[in-house]
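Visitor: Could you take me through one part of this structure up close? I'd like to see how a single strand sits among its neighbours.

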Amino acid sequence: GLTPIEAVKMINQNAVIYDLRQPGPYNQKHILGATNAEPENLVNKKHSSKNPLLLVCESGGVSKKTSLSLRKKNLDNIFYIKGGQAAWELSSLPVSSNNS
């Protein structure tokens with residue numbers, strides 16, 4: 001897993017961010033540029049992007065599990081944020097909201 005600060009570096013390298021939480025919490029606030037996705041859909045999706053994928057969930061558990069499933073499909077540029085959205089916000093990193 002990446003610390004939020006390491007995750008920022010990945011994002012600056014054009015990582016694609018997937019937020020695996022429910023739409024409710026996602027709409028309240030999420031990492032700038034994150035796409036809301038269901039873990040199963042993400043695992044079953046064909047990933048053609050050469051960009052790294054960065055997964056985030058509430059506290060890191062779901063995204064860790066999902067990243068392992070994706071790595072089993074021979075995708076190696078999959079990362080997740082240790083501590084999830086909670087750790088991101090504790091680091092005072094920018095979030096955006098769909099409610100405003």
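Guide: Here is a walk around strand β4 and the parts that surround it.

A word on the ground rules: this is a predicted model, where local features need pLDDT of at least 70, side-chain atom pairs count only at pLDDT 80 or more, and totals for chains, interfaces and linings use all residues. Residues are numbered from 1 along each chain as its sequence is written, and side-chain values use heavy atoms, with hydrogens and water left out.

Let's start with the strand itself. Strand β4 spans residues 53-56; helices (H or I, at least four residues) and strands (E, at least two) are DSSP runs, numbered from the N terminus. L53 and L55 point one way from β4, L54 and V56 point the other way, and all are buried. Buried here means under 20% relative accessible area, exposed means over 50%, and partly exposed is in between (1.4 Å probe, protein chains only).

Now for the neighbours. Strands of a sheet pair through backbone hydrogen bonds, either parallel or antiparallel. Two strands are taken as paired if DSSP finds at least two bridges between them. Strand β1 (residues 16-19) runs parallel to β4, joined to it by 4 bridges, and V16 is the residue opposite L53. Strand β5 (residues 78-80) also pairs with β4 in the parallel sense, over 3 bridges. There, I78 is the bridge partner of L53, while Y80 stands opposite L55.

Step back and you get an open sheet of 4 strands, in the order β3-β1-β4-β5, with parallel pairing. β3 (35-36) and β5 stand at the edges with a single partner strand each, so one side of each has no neighbour in the sheet. Helix α4 packs on this sheet, touching β4 and β5, and its direction makes about 170° with that of β5. Contact means heavy atoms within 4.5 Å, and the angle (on a scale from 0 to 180 degrees) is taken between N-to-C directions of axes, which are lines fitted to C-alpha atoms, for helices over the stretch in contact.

How do you get from β4 to β5? Through α4 (residues 61-71), as β4, α4 and β5 make a right-handed β-α-β unit. Right-handed means that, with the strands pointing away from the viewer, the path from the first strand over the helix to the second runs clockwise. In the loop between α4 and β5 you'll find N77. Leaving aside neighbours within four places in sequence, N77 is in contact with K50, N51, P52 and L53. A polar atom of the N77 side chain lies 3.2 Å from the backbone oxygen of N51.

One more piece to look at is helix α1 (residues 4-12), whose buried residues are P4, A7 and M10. They cover an arc of only 105° around the axis (taken from the directions from the helix axis to the C-beta atoms), which puts them on the same side of α1. K9 and N12, on the other side, are exposed. And what covers that buried set? The cover includes β4, β5 and α5, so we're back at our strand by way of its neighbours.

Notes: A polar contact is a pair of N or O atoms within 3.5 Å; within protein, one must be able to donate a hydrogen and the other to accept it, and residues adjacent in sequence count only if both atoms are side-chain atoms.
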